[in-house]
Amino acid sequence: MKVLIVGGGGREHAIAWKVAKSPKVEKIYCAPGNAGIAEYAECVDIGVMEFEKLTSFAVEQKIDLTIVGPDDPLAAGAVDAFEAAGLRVFGPRKNAAILEASKAFSKDLMKKYDIPTAGYETFDSPEEALAYLETAKMPIVLKADGLALGKGVLICNTLEEAKDGVRALMLDKQFGAAGSRIVVEEFMTGREVSVLSFVDGNTIKIMTSAQDHKRAKDGDQGLNTGGMGTFSPSPFYTDEVDAFCQKHIYQATVDAMKAEGREFKGIIFFGLMLTKNGPKVLEYNARFGDPETQVVLPRMKNDIVDVFEACIDGTLDKVELEFEDNAAVCVVLASAGYPEHYEKGFKIHGLDTFRDKDGYYVFHAGSKFDADGDIVTNGGRVLGVTATGATLKEARANAYEATEWIAFDNKYMRGDIGKAIDEA
């Protein structure tokens, strides 16, 4: 098979690594890819939103399967474009990707179909949102309705903070058009858990659990980021939690989308909050999480191409997902100043150390080759250093040991990824 992966981040590197393990696959292309992905795939200089160029390339190269990684092209109809060209493609169509592309849509869907989530109100007018805040209980959560690179969520502890947040989202357009409409949501407390799943329109198969660390600084301080590290499995995702979610959240979401005429094929990522009143949905994503993918796929036993094809063909019920009885931790190495201002172009040292190390992985999120052929930093999140271990504590120790093998100017990371493990 010839496979095309659309995207160029750590998630796509992990997917490319996993796809390369399939005996069915002969050649992988990635558009646009990055310096790490280049080890497994031929990188093609086409942007993720250039649908016409992407589909033309896929037709010319006789691509057998395309996998769309990021949220923006999914929300804009990349899958529809590939299907219109008669191509096999993995991911939700535009009318299903709205599950992530509009927070208001997903909240309304959960309300309509009794899927547990936080109470909320939706606003198109900043004046109405500000007036509502005067009567609301603090702390409170503000969410940009549209896509904001995983950063469009503000947790506000005081009325003043909340008012400033409304102005930042709706008037200052901190996240562009994504904040033209906002969701104001009750603040929930509890453990957060991420659960990824494969969906074929009818059947849903849950992968192993994980937990992300969104804030830039230790102790969950600082600004929201795309994710500073993850661990899998979550010790807080118990059999009891799973049973509740299987009954009230997972299949219910798939059935709700189908009932709305928005059949979902691809990945549904459930962001859950384990509250004292039971698990509730924080958010949905319509694709693999980044960096959750970097800890989930190294633990997955299945040939991922078989699973992708089963989702496309509606035969997921015949697939049994299997995961290693181990644990994985990913620590993101970022550029100092991320997620705001940071410098790029610094040479990365130590990548070869990972080549002969079983159970250690380095997934590139923001890297490229410079004019001399050296790999240099090219983003806020640069690398995801992942390690496995028999236990979460062992995996965590291994991951932090491996971060020391890598050096580049302005390297920054959190020192407490997976600290919750110690409290479990």
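**View 1. Cysteines in the predicted model.** The count of disulfides in this predicted model is 0. Cys311 takes part in no disulfide, and the nearest cysteine sulfur, belonging to Cys30, is 20 Å away. Because a disulfide needs two cysteine sulfur atoms within 2.5 Å, a separation of 20 Å from Cys30 leaves Cys311 unpaired. Cys311 is buried, with a relative accessible area of 1%. Cys156 is buried as well, at a relative accessible area of 3%.

**View 2. Aromatic rings around Phe90 and Phe308.** The structure contains 13 aromatic pairs. In one of them, the ring centres of Phe90 and Phe308 are 4.3 Å apart and the ring planes meet at 45°, so this pair is tilted. The pair joins distant parts of the chain: Phe90 belongs to strand β5 (residues 89-90) and Phe308 to helix α11 (residues 304-313), with the two positions 218 residues apart in sequence numbering. Phe90 and Phe308 are both buried. Ring pairs also bring in Phe198 and Phe288, giving a cluster of Phe90, Phe198, Phe288 and Phe308.

**View 3. Lysine charges over aromatic rings.** The charged end of Lys27 sits over the ring of Tyr29, at 5.1 Å from the ring centre. Lys357 is placed with its charged end over the ring of Trp405, again 5.1 Å from the centre of that ring.

**View 4. Helix α6 and its surroundings.** Helix α6 spans residues 103-112, and 7 of its 10 residues are buried, so the helix is largely enclosed by the rest of the structure. The buried residues are Lys103, Ala104, Phe105, Ser106, Lys107, Leu109 and Met110. Two lysines, Lys103 and Lys107, are on that list. The cover over these buried residues includes the helices α5 (94-101) and α9 (239-259). Strands β6 (120-123), β7 (140-144), β9 (182-186) and β16 (278-285) also contribute to the cover. Just after the helix, Asp114 takes a positive phi of about 55°.

**View 5. Ala118 in the loop after α6.** Ala118 is located in the loop between α6 and β6. Ala118 is buried, with a relative accessible area of 2%. Leaving aside residues up to four places away in sequence, Ala118 touches Lys107, Glu185, Glu186, Met188, Lys280 and Val281. Of these contacts, Lys107 is one of the buried residues of α6. Ala118 and Val281 are 163 residues apart in sequence, yet their C-alpha atoms are 7.5 Å apart in space.

**View 6. Ser22 and its polar contact with Asp303.** Ser22 is found in the loop between α1 (10-20) and β2 (27-32). Ser22 is buried, with a relative accessible area of 3%. Its side chain makes a polar contact with the side chain of Asp303, at 2.8 Å. Apart from residues up to four places away in sequence, Ser22 touches Asp303 and Val305.

**View 7. Domain 1 and domain 4.** The chain is divided into domain 1 (2-91), domain 2 (125-180), domain 3 (191-318) and domain 4 (327-423). Between domain 1 and domain 4, the C-alpha centres lie 24 Å apart. Their contact takes 11 residues from domain 1 and 10 residues from domain 4.

Notes. Residues are numbered from 1 along each chain as its sequence is written. This is a predicted model: local features need pLDDT of at least 70, side-chain atom pairs count only at pLDDT 80 or more; totals for chains, interfaces and linings use all residues. Side-chain values use heavy atoms; hydrogens and water are left out. Buried means under 20% relative accessible area, exposed over 50%, partly exposed in between (1.4 Å probe, protein chains only). Rings of Phe, Tyr and Trp (its six-membered ring) pair if their centres lie within 6.5 Å; planes under 30 degrees apart count as stacked, over 60 as edge-to-face and the rest as tilted. Helices (H or I, at least four residues) and strands (E, at least two) are DSSP runs, numbered from the N terminus. A charge sits over a ring if NZ of Lys or CZ of Arg is within 6 Å of the ring centre and within 35 degrees of the ring normal. Contact means heavy atoms within 4.5 Å. A polar contact is a pair of N or O atoms within 3.5 Å; within protein, one must be able to donate a hydrogen and the other to accept it, and residues adjacent in sequence count only if both atoms are side-chain atoms. Domain bounds come from an automatic or database domain assignment.
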